[in-house]
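Trainee: I am new to this structure and would like a close look at a single part of it. Could you take me through the nonpolar patch on the surface, starting from the overall layout?

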Amino acid sequence: MNETKNSKMMPDDDLLPEYNFDYSKAHPNRFVAKQRKSGVTVVLEPDVAQVFTTSESVNKALRAILSAIPQ
């Protein structure tokens, strides 16, 4: 059977079914402390982030919306 052009271009699969990681060399996540203090992290779309530049402005707008919703 002749080799096709695609089979020459495709590398051999070198992925193992399981990898053993050495967690003793792992570093702690330096961003965890900031995230725990703030409570919840929300990612804003760029156009929304241009209007709401601080967390206070976002909270103020959301509280205004919440006050308008009947309970």
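Mentor: Happy to! Helices (H or I, at least four residues) and strands (E, at least two) are DSSP runs, numbered from the N terminus. Read that way along the sequence, the protein follows α-α-α-α, with four helices and zero strands. This is a predicted model, where local features need pLDDT of at least 70, side-chain atom pairs count only at pLDDT 80 or more, and totals for chains, interfaces and linings use all residues. Residues are numbered from 1 along each chain as its sequence is written, and side-chain values use heavy atoms, leaving out hydrogens and water. With pLDDT being the predictor's confidence in each residue, from 0 to 100, the protein has a mean of 81.

Now to your patch: Leu-15, Leu-16, Tyr-19, Phe-21 and Tyr-23 together offer about 640 Å² of accessible area. Such areas come from the Shrake-Rupley method with a 1.4 Å probe, and for residues only the protein chains shown count as cover. Patch residues have over 30% relative accessible area and no salt bridge (a side-chain nitrogen of Lys or Arg within 4 Å of a carboxyl oxygen of Asp or Glu); nonpolar side chains (Val, Leu, Ile, Met, Phe, Trp, Tyr) are joined within 5 Å, like charges within 9 Å.

Within this patch, Leu-16 lies in the loop between α1 (5-9) and α2 (32-38). Leu-16 counts as exposed, with a relative accessible area of 52%, given that exposed means over 50%, buried under 20% and partly exposed in between (1.4 Å probe, protein chains only). Tyr-19, Phe-21 and Tyr-23 also form one aromatic cluster.

Methods: Rings of Phe, Tyr and Trp (its six-membered ring) pair if their centres lie within 6.5 Å; planes under 30 degrees apart count as stacked, over 60 as edge-to-face and the rest as tilted.
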